[in-house]
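Work through the exercises below with the sequence and the 3D view open. Try each task before reading its solution.

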Amino acid sequence: MSARPYPSPLRYPGGKLKVANYVKYLFEVNDLLDGDYAEPYAGGCSVAFSLLFGQYASRIFINDLDPAVYAFWHSVLNETEGLNRLITDATLDMTEWKRQRSIIIDPNVTMLERGFAAFYLNRANRSGIIMGGVIGGQDQSGNWKIDARFNKRELIRRIQKIARHRDVIHLSNLDASVFLAEVVPTMDVRSLTYLDPPYYVKGQGLYANAYDKDDHAAVAAQVSALDKPWLVSYDDTPKIIELYPNFRRLQYGLTYSAQERRKGGEVMFFSDGLVVPENITNPSEVSTQEILNLLNH
Ligand SMILES: C[S@@+](CC[C@H](N)C(=O)[O-])C[C@H]1O[C@@H](n2cnc3c(N)ncnc32)[C@H](O)[C@@H]1O
């Protein structure tokens with residue numbers, strides 16, 4: 001397998017970079033090139049950055065309700081130099097880790113302090129879980145230590161690249177339902193909104209997930225009424241499939257790593273009118289070559 005350039009400085013277990021090529025494919029076949037792209041549940045934003053850096057989307061709209069995740073992206077876009085200075089100067093040890101843990105739960109810190117703490121803990125903790133345990137354990141006796149995923153130079157490079165695109169990145173900190181009601185209508189008609197909500201079957205607490213059955217149903221109702229193209233992905237469970245009875249869907253297997261590797265079935269639903277390539281049965285396995293073939297057609 002070829003190395004895939006990883007555009008996001010955040011680690012996001014279950015992150016959707018694997019479907020980025022598929023979403024690019026959808027941009028091509030639906031004549032959306034240079035249009036807008038939105039993620040109401042952005043997390044690590046890696047699909048959005050892939051589309052932006054690959055010049056598929058001309059503007060991206062990224063939104064996340066989690067205050068720590070939002071503070072990080074806000075710092076990347078608005079306090080780039082300050083953030084990069086903190087990263088350059090960061091000490092990777094348990095004293096600093098404990099200090100960052102106290103900052104992340106302190107409501108009175110600045111946006112930059114919260115954003116940096118989110119980043120520090122995401123890079124220093126097992127599976128990137130901000131409120132989780134540190135790599136190597138509290139006594140740092142494991143084979144991998146707190147700094148195992150903290151390549152300062154590479155992470156700063158990613159942050160600088162994103163910041164250079166700040167004029168076309170629209171960041172918000174809204175509940176997804178507010179984002180759908182207020183931001184999506186402001187986007188170009190040539191746009192795609194990709195929703196990757198918290199899983200229905202709650203995982204290992206990878207990120208804030210306060211959604212219950214009714215919230216998932218409310219999202220489904222709101223999405224069904226959108227008048228712009230959309231795509232939703234979920235863990236493949238009958239309860240979710242019941243929520244989107246009138247839409248085309250694709251069920252596929254996805255391997256991801258969080259604490260341990262395991263296979264998780266996923267499902268995607270598509271808005272009416274969106275051209276969905278029938279030859280692709282697994283959106284997480286679209287190669288770059290397949291996209292090039294399409295372009296040269
Ligand atoms: C499954 S993750 C998205 C992962 C992302 N697709 C990626 O590749 O990194 C879901 C995200 O939704 C956010 N979230 C949870 N509830 C939300 C809500 N009501 N509105 C907006 N974002 C929410 C979480 O903070 C989390 O970052």
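**Exercise 1. An arginine and its cover**

Does R158 count as buried or exposed?

Solution. The model is predicted, and the answer is computed from its atoms. Step 1: take the relative accessibility of R158, which is 13%. Step 2: apply the cut-off, since buried means under 20% relative accessible area. Step 3: R158 therefore counts as buried.

**Exercise 2. One glutamate, two arginines**

Find the salt bridges of E154 with R157 and with R158, and place them on the helix.

Solution. Step 1: check the distances. The closest N and O atoms of E154 and R157 are 3.0 Å apart. For E154 and R158 the value is 2.7 Å. A salt bridge needs the side-chain nitrogen within 4 Å of the carboxyl oxygen, so both pairs can be listed as salt bridges.

Step 2: locate the residues. E154 and R157 sit in helix α7 (residues 152-164), three residues apart. E154 and R158 are four residues apart in helix α7. Each spacing is about one turn of the helix.

Step 3: add exposure. E154 is partly exposed, with a relative accessible area of 24%. R157 is partly exposed too, at 42%. R158 counts as buried.

Step 4: recall the general point. Side chains of opposite charge can pair when their charged atoms come close.

**Exercise 3. A bridge between distant parts of the chain**

Which residue forms a salt bridge with E266, and where does each partner lie?

Solution. Step 1: name the partner. E266 forms a salt bridge with K16, with the closest N and O atoms 4.0 Å apart. Step 2: place both ends. E266 is in strand β7 (residues 260-270), while K16 is in the segment before α1 (20-29). The two are 250 residues apart, and the pair links distant parts of the chain. Step 3: check burial. Both E266 and K16 are buried. Step 4: widen the view. K16, D196 and E266 are linked in a network of salt bridges. A search of the whole structure finds seven salt bridges.

**Exercise 4. The ligand and its shell**

How many residues surround the ligand, and which come nearest?

Solution. Step 1: count the shell. There are 23 residues around the ligand. Step 2: pick out the nearest. These are Y12, K16, D64, A176 and D196. K16 and D196 also belong to the salt-bridge network with E266.

Step 3: sort the shell by class. It has 13 nonpolar, four polar and six charged residues.

Step 4: list polar contacts, including these:

- G44: a backbone N or O atom lies 2.9 Å from an oxygen atom of the ligand.
- L65: a polar backbone atom is 3.3 Å from a nitrogen atom of the ligand.
- D175: a polar side-chain atom lies 3.1 Å from a nitrogen atom of the ligand.

Step 5: judge the cover. Taken alone, the ligand exposes 600 Å², and the protein buries 97% of that.

**Exercise 5. Positive phi**

What is the sign of phi at C45 and at Q140, and where do these residues lie?

Solution. Step 1: state the background. Most residues other than glycine have a negative phi. Step 2: read C45. Its phi is near 60°, a positive value. Step 3: read Q140. Its phi is near 55°, also positive. Step 4: place them. C45 lies in the loop between β1 (35-39) and α2 (46-53). Q140 lies in the loop between α6 (111-124) and α7. Step 5: add burial. C45 counts as buried at 2% relative accessibility. Q140 is buried, with a relative accessible area of 18%.

**Exercise 6. A buried serine**

What does the side chain of S75 reach?

Solution. Step 1: find S75 in helix α3 (residues 67-78). Step 2: check its cover. At 0% relative accessibility, S75 counts as buried. Step 3: follow the side chain. It reaches the backbone oxygen of A71 at 2.8 Å.

**Exercise 7. Two domains**

How is the chain divided, and how far apart are the C-alpha centres of the domains?

Solution. Step 1: take the bounds. Domain 1 covers 26-65 + 174-295, and domain 2 covers 72-161. Step 2: take the separation. The C-alpha centres of domain 1 and domain 2 lie 28 Å apart.

Key: Residues are numbered from 1 along each chain as its sequence is written. This is a predicted model: local features need pLDDT of at least 70, side-chain atom pairs count only at pLDDT 80 or more; totals for chains, interfaces and linings use all residues. Side-chain values use heavy atoms; hydrogens and water are left out. Buried means under 20% relative accessible area, exposed over 50%, partly exposed in between (1.4 Å probe, protein chains only). A residue is near a molecule or strand if one of its heavy atoms lies within 4 Å of it. A polar contact is a pair of N or O atoms within 3.5 Å; within protein, one must be able to donate a hydrogen and the other to accept it, and residues adjacent in sequence count only if both atoms are side-chain atoms. Accessible areas come from the Shrake-Rupley method with a 1.4 Å probe; for residues, only the protein chains shown count as cover. Ala, Val, Leu, Ile, Met, Phe, Trp, Tyr, Cys and Pro count as nonpolar, Asp, Glu, Lys and Arg as charged, and the others, Gly among them, as polar. Domain bounds come from an automatic or database domain assignment.
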